[in-house]
Every structure is written in structure tokens, then in C-alpha cells.
Amino acid sequence: MPLNLPDRLPAIELLKKENIFVIDSSRASSQDIRPLRIVILNLMPLKITTETDLVRLLSNTPLQVEVSFMKVKGHTSKNTPVEHMKAFYRDFELMKEEKFDGMIITGAPVENMEFEEINYWDELTKIMEWSKTHVTSTLHICWGMQAGLYYHYGIQKHQRKTKLSGIYRHRLLNRKIPLVRSLDDYFYCPHSRYTEDREEDILKHPELQILAKSDEAGVFLVMNQDGSQIFVQGHPEYDRMTLNNEYHRDLKKRLKSAGTVQLLPGQRSIFHAGAEMEKYVQHAVHELAELLCIPDDAVRAEGGRAGVGTEICYL
């Protein structure tokens, strides 16, 4: 079934190119279907990118999904056009009488600040309180998890010595929970953060259960007993290039990070990833040249950057 998105949302054309079935609000209104209503409180700076990442994942449901976007009134986005915000986002005050099946509270680039220092914290606490009576289940992502656990359970975040940035291996702890039934026993997910919620603090609250964690990255997935509050300390919504772009952005700013980024096994860092792929490409070139009984230099590698659409062809 299709995603029902606001008319003219930029993500619509991007997702159509990925062969994802998307319809705008005008067409959806003509169908006699009760959609799953999702509201996204998007606190990320690059809002259009985050919109696309999230609705791409929401497209995996067989249900029709109606997506709305909420914003906090106490903060003006510096990285998203004002016209975009006016066209697709509504203030909480204009939406507080509505009810939703689900809500997503994203991360935000404010994790090095105390919660009460954030200029929209008071409004955010009102939204989180409202979610308990107007939303069936709320998903809190990364800093959104830290904010949610602090507001609802008084769990304090902790500052890391270095930034956690990379793709880490996680272990599923209880597969009997319907939320994680489709996950493998071990899975990988991106992390990008300076702060963390720790396992020992969460375990002090019997109303919370940890569903997945990583030896390197710590707690990943937490849920309360009835599933109305879900917390993810990572970024499962990230596009395949998002972490790479963040890492190089941090390098330009000369921010202190973990030094080497944890990628998939066999890749020591983002900088090594290209070299690793180049090694495999050169090996494939040699094998193909031998098969065709021609010199190696008669075969070339074509495509984009190493590892992105690389193809082997011969002259």
C-alpha cells in the first residue's frame, strides 16, 4: 500500500525514483481507506533529508500510511527553507486536538547541552506529555531517546570522552517481543553521538526492558511494558551515505571523534573503505583478464566511487 504524503513534499519525487509507491493527499482523499496516522516531530537540522529517510522506511508496511510533520514553535530552522517549513510543518498548538497511531521524535544536534538549556525544552516536554494520551506508540530516536528517558523516567544522559561514530554490531535480547520478531539475532546499525544512556541506569526501572544492545555502542533498543514508548539509541533510519557525510563534516570542523570509524567487518575506517574496495576490484580485474587471456591493462573498472555501482568491463 502507498505512503500518503503532503502535496508537493520533496520526498515524493525522490521516493518515486526508488520505485516506492507514494500518493499525495489529494489522491488519498478519494480512497475509502482508514490510513495509519503517523506524526513526525523533526528536530534534525537537515529536515528534507530526514523526512526522506523516515518515510522510506515507513513505506515497508502493507498499510496505507498518512504522514504529518510537526515543529516546535520555539525554534527556527537555519538549514531548511522557510517556505518548506510553512508548506509542510504545523505547530504543536495546531495539532494538539488530533490523535495519531504513531509518533516519531527524531534526534537533534543539542546533545552537549543540558536539557533545560535548550530553547524549546518546555514545549518538547508538553509534546511528550501529550503523546501519552494522543498517540498509541511513540518512537524516540537518538537524542530523542535521551530526552524521552529523561522526561518520562528521570534517566540522565552521560557525556562520552569521544564521539561514537560508525556502524556497530548489536545483539537481540528477547525475540518474543512482536516489535523485534523480524530482526536477526545479530544486526548492524549506525550510531553518531557524543552522549549516551547507560544500561545500569535503565535497569533500575522495571517498567523498561532492553531489547537489543551492542558491546561497543551500548544500549540500542528499549521499550516500556505496553509498547507505548519505544527508544532507539542509534540511527536505523540513516541512508547509506548519511554517516559518511557526517564524518567528513566533522573532519572539516576538526571535531574530536573516535579516530577510526567502526564499519562492517574488514573495513577499518571510512578512509580505508575505498582502499579495501579498490583491492577487491583489482583482484576481479586480474581474474577476468586471465579468463579472457588478455593483459590486465586491457580491462578497466567503471562506475562511480569505489563500492558504489562499480562494474568490471573489458575493452
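**Helix α3, an acidic patch and two buried loop residues**

Helix α6 spans residues 121–134 and includes D122. In this predicted model, D122 is exposed, with 57% relative accessible area. Together with E114, E116 and E117, D122 forms a negative surface patch.

Helix α3 offers another view of the chain. This helix takes in residues 47–58, twelve in number. From the first C-alpha of α3 to the last, the reach is 16 Å, close to the 16 Å expected at 1.5 Å a residue. Most of α3 is covered, with nine of the twelve residues buried. Charged side chains belong to this buried set, among them K47, E51, D53 and R56. The buried residues of α3 also include T50, T52, L54, V55 and L58.

Two loop residues complete the picture. C142 sits in the loop that links β7 (135–141) to α7 (143–153). Its phi is near 50°, a positive value in a residue other than glycine. With a relative accessible area of 5%, C142 falls under the 20% cut-off and is therefore buried.

The loop between β10 (208–214) and β11 (218–224) holds A217. The relative accessibility of A217 is 2%, so this residue also counts as buried. Along the chain, A217 and G166 are 51 residues apart, and their C-alpha atoms are separated by 9.2 Å.

Notes. Residues are numbered from 1 along each chain as its sequence is written. This is a predicted model: local features need pLDDT of at least 70, side-chain atom pairs count only at pLDDT 80 or more; totals for chains, interfaces and linings use all residues. Side-chain values use heavy atoms; hydrogens and water are left out. Helices (H or I, at least four residues) and strands (E, at least two) are DSSP runs, numbered from the N terminus. The expected span of a helix is 1.5 Å times one less than its number of residues. Buried means under 20% relative accessible area, exposed over 50%, partly exposed in between (1.4 Å probe, protein chains only). Patches are made of residues with over 30% relative accessible area and no salt bridge: like charges are joined within 9 Å, nonpolar side chains (Val, Leu, Ile, Met, Phe, Trp, Tyr) within 5 Å. Accessible areas come from the Shrake-Rupley method with a 1.4 Å probe; for residues, only the protein chains shown count as cover. A salt bridge is a side-chain nitrogen of Lys or Arg within 4 Å of a carboxyl oxygen of Asp or Glu. Lys and Arg count as positive and Asp and Glu as negative; His and the chain ends are not counted. The place of a charge is taken as NZ of Lys, CZ of Arg, CG of Asp or CD of Glu.
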